[in-house]
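Here's a quick tour for anyone meeting this structure for the first time. Have a look at the picture below, then read on.

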Amino acid sequence: MGELPRPATVAACKNLAGKLAQRFGLDTAAADAFAWAAVDPAGARKAAEAPERLPVPGGAILALRTAVWTRSIVPDPRNPRISSLRRHPVSGLVGTGEGTRFRPPAEPKAAPDGRPGLVQHLESQEHLAWAAKQARDHVLQHNDWRESLRHQGVMTEVWLAATTFRHGDGAPEVTVPVTAEGSSRLTCAHDLLGVRSADVPYLRNRAKLRTRIRSLNEKLGAAGAQEQIAPDDAVAARCETVPALLIVGFEPHAEAGADFAVAVRSLVALRHVDPPKSWGEAAEQEALADAVVDEIERRGLVTGANAAWLRGALAPSEASAAGFSADPATRTAAIVRLFTTSTPEIHQAVRIAITGQSTRKRITTKLLLDLASSLAMRSAPLDDARKRERLRKYFKTAFSSELGKEWEATFRSPGDLAAAALRETAHGEPGPATRELAARSAYPLVVQGQLAGDRGNVNSDQPDRRHPGEVLDRMRDTPHGVHQMKQALTDFADGRRARMVDESGAVRRTADGRDVLAKDAALRRAFPPAGEGPSPVAAPTAPGELLGNALHTLGQALQEVSGAVKEVEAVRTDDGLSAIDVLGADPQDCDAWRDVLQEVLQKLPVWRMRSVERHGTGADGPGADGGETDDVFEDGFEDGSEEDTEDAFEDTEDAEDAGFAEEAEDGGSLVGAGDAWHAGDAGHADDNAGASPGGASGRARAEPAPSP
């Protein structure tokens, strides 16, 4: 193990800084930050004559390879690996504990005037220290490189961008190289060296670095043979420098219009397509969702305040003050519409944001709804990581592909929105208003545990395996369902859990006069899958109840007929052919069965017409409004790696999910009965209703919601 190079002279560093400023247009602070970090400024100057060009969507990154002093650079305090653990102001949790003492640092923006650098806004130095500690704790627990670094140091270069930290409390801004890639490795190297990462921008001392390196070199020289070197000295020698890629410029394509910040994010995302350890689905979706909103804001399609509301960066009171709704259900609908709209300008921005940070060639409606759900979930005041992950799995299935069709997200009250939806169902044509109603009501029903996702196969007696979005889609087809979704929103705004309603919209009550709370099983029975008929009523007396039970029997019989036909077709001859195709069935039997089926087929259209005439109900089948159910974003993309598959739970996870949902079914909530807003609501059947986070509708603008 050889001695480390001595830190360069002031003159050498100034020469490199001048070269970087002249050649790439870095400002003085950014050029100085790179120059003082470089182990060999003269070598870096030579590299600057022929920088590496790294293609990214929209242009090419310019970069220099050189070694840097570990104590002169900072790991990204916004390490993407912890994205899913952040609690945003919209959740109402910021400031409630040490883990939520500050709001998450905002995404760095490109430096002004097109200069190759980033600007990171912080509340204070303490804000940086808090964020850096959160990132460090997560890395050391989940992505610990220290054992590897002890023996061989950092082998793969870290990517550095000159980042200026600007403080909201008036402290002087500082510029330092910050990792765009390699944050975990640098965090572990700092830990081995005893460096507190948050101190690096404020305590840079060239003389102290020289003294430290000279002392270490003396120890290495005195030891003689490598095996005589003290273990701590050997670790320090390996970790005091790291290989680096200095990101010093960006050359955009003429038609692209991308900026430096977008280019850096794209470069990092391309590296993490096949990483040593992936960020995880939740973090990846959060990163892509943020990238979409950033791109839409960058193109001027939404205002900065609007983008902050969509990201969840505004607390409910801040949202109201800015003229947006404080209601998370209204915000949810706005996010879903933004991600699924076919408006060309938004469509293009979404495509650029996603393809710029992933290899996806085919952007499906499912992917867009998954990304939308990750932003909408930021409103949930849930701090338990395991329960939050299960809520995420349920919530991502709460929006059906029907929401990819035409509708608008507005700030209408639940009453006004339901009135418009009822007019649509009265004409047998559920349309835009019912879609908005379904998008909004998904939030309170799923977050409060009143509509659960698939609980898996272990310890679950859940006969109805439909996703929440499918149940909501069934609701929007009928006036009864519209009333039920309106009730969910109204109760949520009033700080209580949703109650069941009858077909007229009146709240259902027990014999002793207590309100009946909506539960997953009850909602699924009230709005069963198409084809099963109405849910049966015990001891029916009224004609409607008797008819409903008879139709349920008919539905069950037809399901059995369908199953019997499949059973017949499954029979094979000895040589593997279909037995029914080879042998056929008795002609007289076939004639009799055909007559029965034809008689039924003749009656079904009449029954349907009578229902539409009386109730105004009508199913919205594929393409019923002139559109296709296929993804509106697919045009122009080839089939790629995005698969329309569902999460496959392990048996242990199934068991946990079953217990988790059972807790909600017993009257609890997916956000936990211990939360302050789940205090219990006396006078209800199953006394367990609670207030809802941000339940108040908040102040709404007169203009439409910020979703084109």
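Two strands count as paired here if DSSP finds at least two bridges between them. Strand β5 (residues 158-167) clears that bar with strand β6 (residues 174-181): seven bridges join the two, and they run antiparallel. Keep in mind that this is a predicted model. The protein chain has 708 residues, and 51% of them count as buried. Its secondary structure comes to 25 helices and seven strands. If you look at contacts in the chain with a separation of 6 or more, 73% are between residues 24 or more positions apart.

**Strand β5 and its partners**

- Let's stay with β5 for a moment, since it is mostly covered, with nine of its ten residues buried.
- On the β6 side, Phe165 has Val174 as its bridge partner.
- β5 and β6 also form a hairpin, with six residues between the two strands. In that turn you'll find Gly170, which has a positive phi of about 90°.
- β5 pairs with strand β4 (residues 118-122) as well, this time in parallel and through five bridges.
- Two of the matches between β4 and β5 are easy to look up: His121 has Arg166 as its bridge partner, and Leu122 stands opposite His167.
- Strand β7 (residues 241-252) is another parallel partner of β5, with four bridges between them. Here Ala161 stands opposite Ile247.

**Strand β4 and the loop before it**

- β4 is mostly covered too: four of its five residues are buried.
- Besides β5, β4 has β3 as a neighbour, and two bridges join β3 to β4 in an antiparallel arrangement. Lys109 stands opposite Val119 in that pairing.
- The loop between β3 (109-110) and β4 is home to Asp113. This residue has a positive phi of about 65° although it isn't a glycine.
- Is Asp113 buried or exposed? Asp113 is exposed, because its relative accessible area is 74% and anything over 50% counts as exposed.

**Another positive phi**

- Most residues other than glycine have a negative phi.
- Ala539 is a residue other than glycine with a positive value, near 50°.
- You'll find Ala539 in the loop between α21 (520-526) and α22 (543-570).
- Ala539 is exposed, with a relative accessible area of 68%.

**Helices**

- Helix α2 (residues 28-37) has several buried residues: Ala30, Ala31, Ala33, Phe34, Ala35 and Ala37.
- What do those buried residues of α2 pack against? They pack against the helices α1 (10-24) and α3 (41-49), and against the strands β2 (59-69), β5, β6 and β7.
- Further along, helix α10 (residues 281-298) and helix α11 (residues 304-311) have axes that come within 10 Å and cross at roughly 170°. The two helices are therefore roughly antiparallel to each other.
- On the α10 side, the contact is made by Asp290, Val293, Asp294 and Glu297, while α11 brings in Gly304, Ala307 and Arg311.
- The residues in this contact divide into four charged, two nonpolar and one polar.

**A buried glutamate**

- Glu240 sits in the loop between α8 (231-239) and β7.
- Is Glu240 buried or exposed? Glu240 is buried, because its relative accessible area is 2% and the cut-off for buried is under 20%.
- Leaving aside residues up to four places away in sequence, Glu240 touches Leu4, Val68, Trp69, Thr70, Arg71, Leu193, Arg212, Ile213 and Leu216.
- The C-alpha atoms of Glu240 and Leu192 are separated by 9.7 Å, and these residues are 48 residues apart along the chain.

**Cysteines**

- How many disulfides turn up in a search of the whole structure? The search finds zero.
- Why does Cys188 form no disulfide? The closest cysteine sulfur to that of Cys188 is in Cys239, 9.5 Å away, so the two are too far apart for a bond.
- A disulfide would need the two sulfur atoms within 2.5 Å.
- Cys188 counts as buried, at 0% relative accessibility.
- Cys13 is buried as well, with a relative accessible area of 1%.

Notes: Residues numbered from 1 in each chain as written. Predicted model: local features only at pLDDT ≥ 70, side-chain atom pairs only at ≥ 80, totals over all residues. Heavy atoms only, no water. Buried < 20%, exposed > 50% of the residue type's maximum accessible area, 1.4 Å probe, protein only. Axes fitted to C-alpha atoms, helices over the stretch in contact; angles between N-to-C directions. Parallel < 35°, antiparallel > 145°, perpendicular 65-115°, else oblique. Contact = heavy atoms within 4.5 Å. Nonpolar A, V, L, I, M, F, W, Y, C, P; charged D, E, K, R; others polar.
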